[in-house]
Amino acid sequence: MRNTLATQLLFDLSHKGRRATLFPKSDVPAQSLDKLLPKAQRADAPPPLPEVTESDVIRHYVNLSTLNMSVDTHFYPLGSCTMTYNPKRHERLSRLPGLVDLHPLQVDEDAQGMLEILYEMQQMLGEIAGLPAVSLQPAAGAQGELAALLVAAAYFKSRGEKRTRVLFPASAHGTNPASAAIAGFECVQLQPSANGLVDLKELKSLLNEETAVFMVTNPNTLGLFEKDIAQVSKMLHDVGGLVYIDGANMNAILGITRPGDFGGDMMHYNVHKTFTGPHGAGGPGSGPIAVRDFLGEFLPGPVITKETADGSGKGTPFYRLTNPPKSIGRMRSFFGNVGILLRGYFYLRTLGPAGVKAVSEHAVLNANYLKEALKDVLPVPHGTRCMHEFVATAKPLKGEKGISAMDIAKRLLDFGFHAPTVYFPLVVPEAMMMEPTETESKETMDAFVETIKRIVQEDADFLHHAPHSTPVCRPDEVKAARKPISRWTEGPVG
Ligand SMILES: *Cc1c(COP(=O)(O)O)cnc(C)c1O
C-alpha cells in the first residue's frame, strides 16, 4: 500500500486560526504601541505561514523522518560509498564540549588539545598511506583530488616542466576527470580492458613527456586490486609523471598494503567513508591528502606542526598552524571539516593498528561472501575474488525476463533494504555495485540474498512499477536534480 504521509506539505494541513501557541490578549494601549513601534514599521498582516497545531507540526516532521533510509535503520550496501555503521561512542566523543565549543579563530595557545588531535591525525593518515606529508584541508574526496592535482601542477611548474595530460582508466569515478579538468589538465581515458584492470600495453602507448599524472583507484571501482600497480607506478615515474591513488577504497587495504609502498605519490582519503563519518545526501565530508616528502611544501595550508621549546624534540610540545612554504593556498575556510576528522580520529584510536587491519579483512570477507551467494542470479563479469566490493550485472536477467538493475534496486526498498549502487562503473552493463562493509552480520547478508532471489522471480511488469510502498515511486531523476521545487507556491505546482 502506498504511503501518503510525505506527499502532504505542512501548508496543505493549514486551517485558518489554528495555533501551536496561545498568547494572552495584549494589554498595551494602542497609542503606546504606536510609540513603541511606529505603524510604518509594522506589517499589515501576519506572514503567510501554515496555521497548524503543535501536534500537526510534530507528526508531520517525525513521520517524514521515518521515511529516510540510513545505516542506523537499514542495510545499506551502496557500492563505492562505504556506508559503514557509525559507532555511537565516536559520535559522543566528538561532541565533547572542549572540542565543539572551540572557535576556529581561537589562538593556537588556547587550542593545543585540538591541534594535538589534528596533528596526530595527520601522522596516522601519513602512516597508513605510506606518504608522510598530509594536509587535512580538503572538504571531501573530490576536493582532495583537485587539491592534489594543483599540488602536482605547482610541482611541475617549479621544475619548469610543461605537463598537460592526466590519464585515468575507464572505470574511474566521475570526480577524477572532473577534478583534472578543473585543475586545467587535458583528460585522457584508457579503454575498458577485458579483465577490468589497467592494460599496461595501452598505458605505455599513452605515456610521454606531456604526461602529468595517472589517477587510479586501488582497489579499483570494480572491487579488484590492481595487481600490476608497482609496475604501473614505475612506468609513470620513468617518464617523469606522478601517480595519484584515489583512496575511496582504502577500507579494503588498511594495514595490509600502502599506496606509498606500491608507488603512489599522492592520494586522498574519504574520512567519511573509510573512517565512519556519517555521510550521505551531500552531508559533511573530509578528504585529507597525503603526498611524498618532495611534494609536501606545496600542500594546501594550514597544516599542523609540532615544536618543542628548545628544538630538541623533548619537553612539552607546542602545536602550531602553519602554511607550507610553497603552498597552493587554501581549499576552503579554516582547517578542514573538523567534526568528521574527529570521528575518524576516535575510530582509529579506538581500533589501534590490529583493529584497523581487521576492518579491511572483514570488509573483504563480507563482500566475497555476498558475491558468492548472489553470483547465480547476478553474475560478476570481472575477477573471481573481490576486495571490499564487487560489481554484478543484471544483463542476463534483463535479456531473459526484462528485469533491469533499476527494477531490482527499486523493489529492494519495499523490503527495507537500501539499494546497491546501480549503473556505475560504466564499464559493466546493468551494473549493481555492492559493498556490504565490515560491520554487517551474516544474517543480514543472508536476508538480503533471499530477498534478491525472491525479487528476480517476480513479474517484470510489477517490478517496473516498484517501489510499491514508498510515497513516491519513480521520480524523474533528471528533472528532480535539475529543477527541484524547493519553495511552496499557492495553487497547483507546475
Ligand atoms: C566517493 C568517491 C569519490 C569522491 O569522494 P567524495 O568524498 O564523495 O567527494 C571519488 N572516487 C571514488 C572511487 C569514490 O568512491
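Helices here are DSSP runs of type H or I with at least four residues, numbered from the N terminus. The model is predicted.

**Exercise 1. The shell around the ligand**

Determine which helices each supply at least two residues of the shell around the ligand, and how the shell divides by class.

Solution.
- Step 1. A residue belongs to the shell if one of its heavy atoms lies within 4 Å of the ligand. There are 13 residues around the ligand, and Ser80, Gly141, Ala142, Asp246 and Lys273 come nearest.
- Step 2. At least two shell residues come from each of helix H6 (141-158) and helix H10 (271-274). H6 gives the most, with three residues.
- Step 3. By class, the shell holds seven polar, three nonpolar and three charged residues.

**Exercise 2. Polar contacts of the ligand**

Identify which N or O atoms of the protein lie within 3.5 Å of a ligand oxygen atom for Ser80, Gly141 and Asn270, and state how much of the ligand area the protein buries.

Solution.
- Step 1. For Ser80, a polar side-chain atom is 2.6 Å from an oxygen atom of the ligand.
- Step 2. Gly141 contributes a backbone N or O atom, at 2.8 Å from a ligand oxygen atom.
- Step 3. In Asn270, an N or O atom of the side chain lies 2.9 Å from an oxygen atom of the ligand.
- Step 4. The ligand taken alone exposes 380 Å², of which the protein buries 87%.

**Exercise 3. Packing of H5 against H11**

Describe the geometry and the residue classes of the contact of H5 with H11.

Solution.
- Step 1. Two packed helices are described by the angle between their axes and the distance between those axes.
- Step 2. Helix H5 (residues 112-129) packs against helix H11 (residues 338-374) at an angle of about 65°, and their axes are 10 Å apart. The crossing is left-handed.
- Step 3. From H5, the contact residues include Met114, Ile117, Leu118 and Glu120; from H11, they include Val338, Leu341, Tyr345 and Arg349.
- Step 4. The residues of this contact comprise twelve nonpolar, one polar and two charged.

**Exercise 4. Backbone exceptions**

Locate the cis peptide bonds before Pro219 and Pro425, and the positive phi of Ser80.

Solution.
- Step 1. Most residues other than glycine have a negative phi, and most peptide bonds are trans.
- Step 2. The bond from Asn218 to Pro219 is cis, with omega near -5°. Pro219 sits in the loop between strand E4 (211-217) and helix H9 (229-238).
- Step 3. Phe424 and Pro425 are also joined by a cis bond, with omega about -5°. Pro425 is in the loop between strand E11 (421-422) and strand E12 (431-434).
- Step 4. Ser80 is not a glycine, yet its phi is positive, at about 80°. Ser80 belongs to the loop between helix H2 (54-65) and helix H3 (88-93).

Definitions and conventions
Residues are numbered from 1 along each chain as its sequence is written. This is a predicted model: local features need pLDDT of at least 70, side-chain atom pairs count only at pLDDT 80 or more; totals for chains, interfaces and linings use all residues. Side-chain values use heavy atoms; hydrogens and water are left out. A polar contact is a pair of N or O atoms within 3.5 Å; within protein, one must be able to donate a hydrogen and the other to accept it, and residues adjacent in sequence count only if both atoms are side-chain atoms. Accessible areas come from the Shrake-Rupley method with a 1.4 Å probe; for residues, only the protein chains shown count as cover. Ala, Val, Leu, Ile, Met, Phe, Trp, Tyr, Cys and Pro count as nonpolar, Asp, Glu, Lys and Arg as charged, and the others, Gly among them, as polar. Axes are lines fitted to C-alpha atoms, for helices over the stretch in contact, and angles run from 0 to 180 degrees between N-to-C directions. A crossing is left-handed if the near helix is turned anticlockwise from the far one by less than a right angle, and right-handed if clockwise. Contact means heavy atoms within 4.5 Å.
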